[in-house]
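Good morning, and thank you for coming. Today I shall guide you through one structure, one region at a time. Please keep the sequence and the 3D view in front of you as I speak.

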Amino acid sequence: MIAPATASAATSSSVAGFFARIAPLTPVTYPSLLTTHAPPQVAIEVSGVEKTFRIPTQRVDSLKERLTTFSQPGYRELHALRDLTFEVERGEFFGIVGRNGSGKSTLLKILASIYAADAGRVRMAGRLAPFIELGVGFNNELTARENVELNGVMMGLTRRDARSRLDAVLEFAELEEFVDLKLKNYSSGMLVRLAFSMMIQSDAEILLIDEVLAVGDASFQQKCADVFHEIRDSPRTVVFVTHDMSAVEQYCHRAMLLHDGGIRAFGPADEVARSYLRLNFEQAPGEGDADMGGMADITLLDVWLENGQGERITNVEKGSELRFGASFEAHRHVDGPSFGFAFDNADGVEVTGFGVSLAEGAPDAVEPGQRIRLGGEIENRLEPGRYVTKCWVHREHNIVNLVLHSPHVLDFVVYGKEGAGVVSLDHEIDATVEAGASADDGAGVEGQR
Amino acid sequence: MSAEPANLELREVPGPSALGGGRHRFFELLWLMSVTEFKRTFFGTVLGYVWSLMRPLLLFAVLLVVFTRIIKIGGSTPHYEVLLLFNIVLFGLFQEGTGGAVASVVGQEGIVRKTQFPRLVIPLSVVLTALFTLGLNMIIVFVFMIAFGVTPMWTWLLFPVILLPFLVLTCALAMLLSALNVRFRDVAIIWIVIATALNYATPIIYPLSILENDPTLRHLLMANPLTPIFQQAHIWMIGSAETESVWAAAGGPLPLIVAAAIYVGVCVAGVWVFNREAPRIAEQL
């Protein structure tokens, strides 16, 4: 909706950029209205890109079937991308967000030359290194040294360049001692560090990154975050696909929200992040993932986690102080609203949840335009892993009267030493040897807390 | 942005293709992947090279006993034992190259679907690995040739001349099969049968001369593009005065024309099919 205006503005400034490129020595006067500083250079230009997948209604994947089936198999067309046009400027940290099935993975694969576009064209300035998944093409039978070389060449380096980068890669990954160890003997954490480090050390002008944050332990994560901030301020261009809105706000200059293969929002990262959340929360109750366009009586504007210092976080250390916050907006009069949240772990098990009503002393109802803010501490007993937050709102304190239900409003990761089960409960359990049962009695063993 | 690099041109992204990503990168990847695979098979295990020599040597020993003591298929062919070993080693390139390539693109799914990768590297690296193996095995063959008393000939130098068309055919089939197998997963199974049939339709365990009394079958065999290649290799490597020339064995131009037509057809089909399928391979996996 915002896209056409923004896109045309970007196109007009790129025209100036184009002339600047073909005649770099000629002094060019730019309309001062448009640009006060040098016009931005375009790093990626996507114009009119379309992609349709033909999904066979009856799959024929053997020669035998093909030769014995006389009727031509039917197809169902899936428009993954529709007439997509946008530009990413040089040096930009550009976010692409969208729900599952919105076309963002398809777009990423077209940018990375993994899929061919059906129509339109993509132009880029400089070399691109795609990181669709960490550690693709790693060979378990080879040592880290050989893998760094192989992977470097895959990313477009020459063999000599790839070899000369070995030390830097290993140093960042903190794996210098394991250079001649075969990857099959690496732990998963070591693999992830090696892969992330390879990505950082590739000197491509454009990086394409698909959700690879939240890797490794806390100190390595901090290191990664530092690198992302560094890249953000460097002339390198990054296209970053994620579900994590706090990462978008933290790193991205601009972002784009894809929906049904088209651009739904385009612009400053925080605005796009809000559009994404709105899009997610607008779902009418019971509609699942289908987007019905209609708006619920109460919508969720934002939801977040904070640490003890009040900073927003997406990665939580096990057992650390954890604060929860959310804000809602009412669009109609709602009596007796109650707000619920629950956390599912990676196995889809609802680990815990809570429900709150408006504080006593004020009328138990909300009026159109009013905002409701939730905040407070949660006892953090979650075991390490990835969690998905669900949200719902009822009226009249009755779970039958669902006003809002969003199955996926916030993702977060708990890290730390893994214990048993899904929650870690404090315990004060003593183990004692019963008197009289044996000769040496009385030696109580204190249970570990 | 203090150190502003030179202006970069916007360049069109061509999308995935057989050779995508520049010729230099293509050859580097091809080389690196083949060497890696080669090293893995030969130097990864304790016995390494010895281990992988065991297979052709054991097969050779079995066939040698069967065909010189039991069936006596070799007839009066001079140096039949060495010819047998040479043929097995040479056909190994074809068998390993095509057999390994069939499932290679499907097997490297992770790379194909998640990186920008010249697709052609995948089947060709399998053939190149097989070529390295052939090179190593040829050392053994030459040792045996000397040991069995084959007199060195200047035509040994022509081995690359006969190897080249053989290699081209193997590459073309590797391309054709690996691309087709993405679409039709039973190609790999069908190919095992065809490859075995080709093994018998080519004078490998038997010399062509035992078909002296059956010219029809002999002419038919000459229509198999592998037969003239193997026959010529026989002549140049181990041949004696009695070894029949390709022309004489064909008994006329027709079988050779058919063989050439099949050869060219397979090559064209391999390149054409692979090129057509390459941009869409990632979607079909």
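I begin with a pair of helices in chain B. In this predicted model, Val168(B), Leu169(B), Ala172(B), Leu173(B), Met175(B), Leu176(B), Ala179(B), Leu180(B) and Val182(B) of helix α7(B) meet a set of residues in helix α12(B). On the α12(B) side, the partners are Tyr263(B), Val266(B), Cys267(B), Ala269(B), Gly270(B), Val271(B), Val273(B), Phe274(B) and Glu277(B). Sorted by class, this contact holds 16 nonpolar residues, one polar residue and one charged residue.

How are two packed helices described? One gives the angle between their axes and the distance between the axes. Here, α7(B) covers residues 159–183 and α12(B) covers residues 253–277. Their axes come within 8 Å and cross at roughly 40°. The two helices are therefore oblique to one another. As for its hand, the crossing of α7(B) and α12(B) is left-handed.

Let us step back to chain B as a whole. Which elements does chain B contain? There are 13 helices and one strand, and the strand comes at the N-terminal end of the order, followed by the helices. Of the 285 residues in chain B, 40% are buried. Among contacts in chain B with a separation of 6 or more, 81% are between residues 24 or more positions apart.

I turn now to the interface between the chains. Here 37 residues of chain B are in contact with 41 residues of chain A. On the chain B side, β1 (10–12), α1 (23–43), α5 (109–114), α8 (187–200) and α13 (281–284) each supply at least two residues. Which element gives the most to this side? That is α1(B), with six residues. By class, the residues on the chain B side divide into 15 nonpolar, nine polar and 13 charged.

The strand of chain B deserves a closer look. Three bridges join β1(B) to β4(A), and the two strands run antiparallel. Within this pairing, Glu12(B) stands opposite Arg123(A).

In chain A, β4(A), residues 119–125, is also joined to β1(A) by five bridges, again in an antiparallel arrangement. Which residue of β4(A) is the bridge partner of Glu45(A)? It is Arg123(A), the residue that stands opposite Glu12(B) in β1(B). On β1(A), residues 42–56, 11 bridges lead to β2(A), residues 75–89, and these strands run antiparallel. There, Arg54(A) stands opposite Glu77(A).

Elsewhere in chain A, four strands form an open antiparallel sheet in the order β11-β10-β13-β18. Strands β11 (312–313) and β18 (371–378) stand at the edges with a single partner strand each, so one side of each has no neighbour in the sheet. The partner of β18(A) is β13(A), residues 322–330, joined to β18(A) by eight bridges. In this pair, Glu329(A) stands opposite Arg371(A).

My last stop is a single residue, Glu396(A), in the loop between β19 (385–394) and β20 (402–415) of chain A. Why is Glu396(A) classed as partly exposed? It has 14 other C-beta atoms within 10 Å, and the class lies between exposed, at 12 or fewer, and buried, at 20 or more. Beyond its neighbours within four places in sequence, Glu396(A) is in contact with Asp335(A), Gly336(A) and Asn401(A). Glu396(A) and Asp335(A) are 61 residues apart in sequence, with their C-alpha atoms 5.5 Å apart in space.

Key:
Residues numbered from 1 in each chain as written. Chains lettered and ligands numbered in written order. Predicted model: local features only at pLDDT ≥ 70, side-chain atom pairs only at ≥ 80, totals over all residues. Contact = placed C-beta atoms within 7 Å. Pairing = 2+ DSSP bridges. Nonpolar A, V, L, I, M, F, W, Y, C, P; charged D, E, K, R; others polar. Axes fitted to C-alpha atoms, helices over the stretch in contact; angles between N-to-C directions. Parallel < 35°, antiparallel > 145°, perpendicular 65-115°, else oblique. Left-handed = near helix turned anticlockwise from the far one by under 90°.
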